[in-house]
Amino acid sequence: MSMTNPLAKARGMGSAKEGVHHWYAQRASALLLIVLVSWLIYSMFRLSGADYEAARAFVSQPVNAAFASLLIVTLFYHAMLGLQVVIEDYVHHPVLEVVFYFLSRAGAFFGMALGIIYLLKLALGA
Amino acid sequence: MTQKQRPLSPFMIGPYYKPQLTSLMSITHRATGVFLSVIGAPLLLWWLIAVGSGPGAYESMQSYLGGWLGTLVVIASVFCLSFHCLNGLRHLVWDTGRALDIKTAYALGWAVLVGSLLLSVLLLGALL
């Protein structure tokens, strides 16, 4: 005989109590991206018709390199969270779902790493 | 545990509902988000890598992006960025519990649509 209360049994284990984190992180990164994409739009206008040297000088400048690295990290993070929801909603094949989930995460982290390394290379003039 | 096949409410896009601005913009928000994740963000990364790699890499990137396919990808990325950013603001306002009535939701929807087209034209003017 089970000692579990019938109501508790009907409810199962309950929620994992962490679902709100994803929702919150998606919005927090979106708010940050308002600022960072504004900087991106500003730099698109600044670099309109610019040649290689001007583009290099622009992103090598420390404040711009800081904005760009934050943009890359936040953008790939926000993309990773968004892709996760799309995969969960539309990919119903159990293996493919995990494969796409892994690829989206791996791709996002690789993108962040690559972006930061190239920005450091530019900012440090290596 | 066996589950009964219970009736589900039909998906918002399909033969059951008349197309609505709100539902079409909702799915467009997702589609533009996926495009930006898979094409747009890597494109930005490619630009950074090209700048970091030297004049040769920068030139070859520019010649790729100057071709018809590259131009198409740039136009699509710019539109997706404009739409997703402005519609994202609309979603953030909704998340505070405001502007949820149908009239305001439609008004903001049209504003986002017109705004994203205008922003796209401005950005493409700077880029192309």
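In this predicted model, the largest nonpolar core holds 34 residues, and those that touch the most other members are Ala68(A), Ile72(A), Leu75(A), Phe76(A), Ala79(A), Met80(A) and Leu48(B). Several helices build this core: α2 (19–46), α4 and α5 (94–123) of chain A, together with α1 and α3 of chain B, each supply at least two of its residues. The largest share, 13 residues, comes from α4(A).

One member of the core, Ala79(A), may be examined on its own. When neighbours within four places in sequence are left aside, Ala79(A) is in contact with Ala108(A) and also with Leu36(B), Ser37(B) and Ala41(B).

**The two chains**

Chain A contains five helices and zero strands, and its elements run α-α-α-α-α from the N terminus on. Its radius of gyration is 21 Å, whereas the globule rule gives 14 Å for 126 residues; chain A is therefore more spread out than a compact globule.

Chain B contains four helices and zero strands, in the order α-α-α-α from the N terminus on. Its radius of gyration is 19 Å, well over the 14 Å that the globule rule gives for 128 residues, so chain B is likewise more spread out than a compact globule.

The table sets out further values for each chain.

| Chain | Box of C-alpha atoms along the principal axes | Buried residues | Contacts joining residues at least 24 apart, among those at least 6 apart |
|---|---|---|---|
| Chain A | roughly 75 × 30 × 25 Å | 23% of 126 residues | 71% |
| Chain B | roughly 60 × 45 × 30 Å | 21% of 128 residues | 70% |

**The contact between the chains**

How many residues does each chain bring to the contact? Chain A gives 25 residues and chain B gives 21 residues. On the side of chain B that touches chain A, at least two residues are supplied by each of the helices α1 (21–53), α2 (55–66), α3 (68–95) and α4 (102–127) of chain B. The largest share of that side, twelve residues, belongs to α1(B). By class, the side of chain B that touches chain A consists of 15 nonpolar, four polar and two charged residues.

**Two packed helices in chain A**

Two packed helices are described by the angle between their axes and the distance between the axes. In chain A, helix α3 (residues 52–60) and helix α4 (residues 62–90) pack at an angle of about 80°, and their axes are 5 Å apart. Angles of 65 to 115 degrees count as roughly perpendicular, and α3(A) and α4(A) are therefore roughly perpendicular to each other. Helix α3(A) contributes Phe58(A), Val59(A) and Ser60(A) to this contact, while α4(A) contributes Asn64(A), Ala65(A) and Ala68(A). The contact of α3(A) with α4(A) has four nonpolar and two polar residues, with no charged residues. Ala68(A) thus appears in this contact and also in the largest nonpolar core.

**A loop residue in chain B**

Asp101(B) lies in the loop between α3 and α4 of chain B. Is Asp101(B) buried or exposed? A residue counts as exposed if 12 or fewer other C-beta atoms lie within 10 Å of its own. Asp101(B) has 9 C-beta neighbours inside 10 Å and therefore counts as exposed. In sequence, Asp101(B) and His84(B) are 17 residues apart; in space, they are 21 Å apart, C-alpha to C-alpha.

How values were computed:
Residues are numbered from 1 along each chain as its sequence is written. Chains are lettered from A and ligands numbered from 1 in the order in which they are written. This is a predicted model: local features need pLDDT of at least 70, side-chain atom pairs count only at pLDDT 80 or more; totals for chains, interfaces and linings use all residues. Axes are lines fitted to C-alpha atoms, for helices over the stretch in contact, and angles run from 0 to 180 degrees between N-to-C directions. Angles under 35 degrees count as roughly parallel, over 145 as roughly antiparallel, 65 to 115 as roughly perpendicular and the rest as oblique. Two residues are in contact if their C-beta atoms, placed from the backbone, lie within 7 Å. Ala, Val, Leu, Ile, Met, Phe, Trp, Tyr, Cys and Pro count as nonpolar, Asp, Glu, Lys and Arg as charged, and the others, Gly among them, as polar. A nonpolar core is a set of buried Ala, Val, Leu, Ile, Met, Phe, Trp, Tyr and Cys residues joined through C-beta atoms within 7 Å. A residue is buried if 20 or more other C-beta atoms lie within 10 Å of its own, exposed if 12 or fewer, and partly exposed in between; C-beta atoms are placed from the backbone. The radius of gyration is taken over C-alpha atoms; the globule rule is 2.2 Å times the number of residues to the power 0.38.
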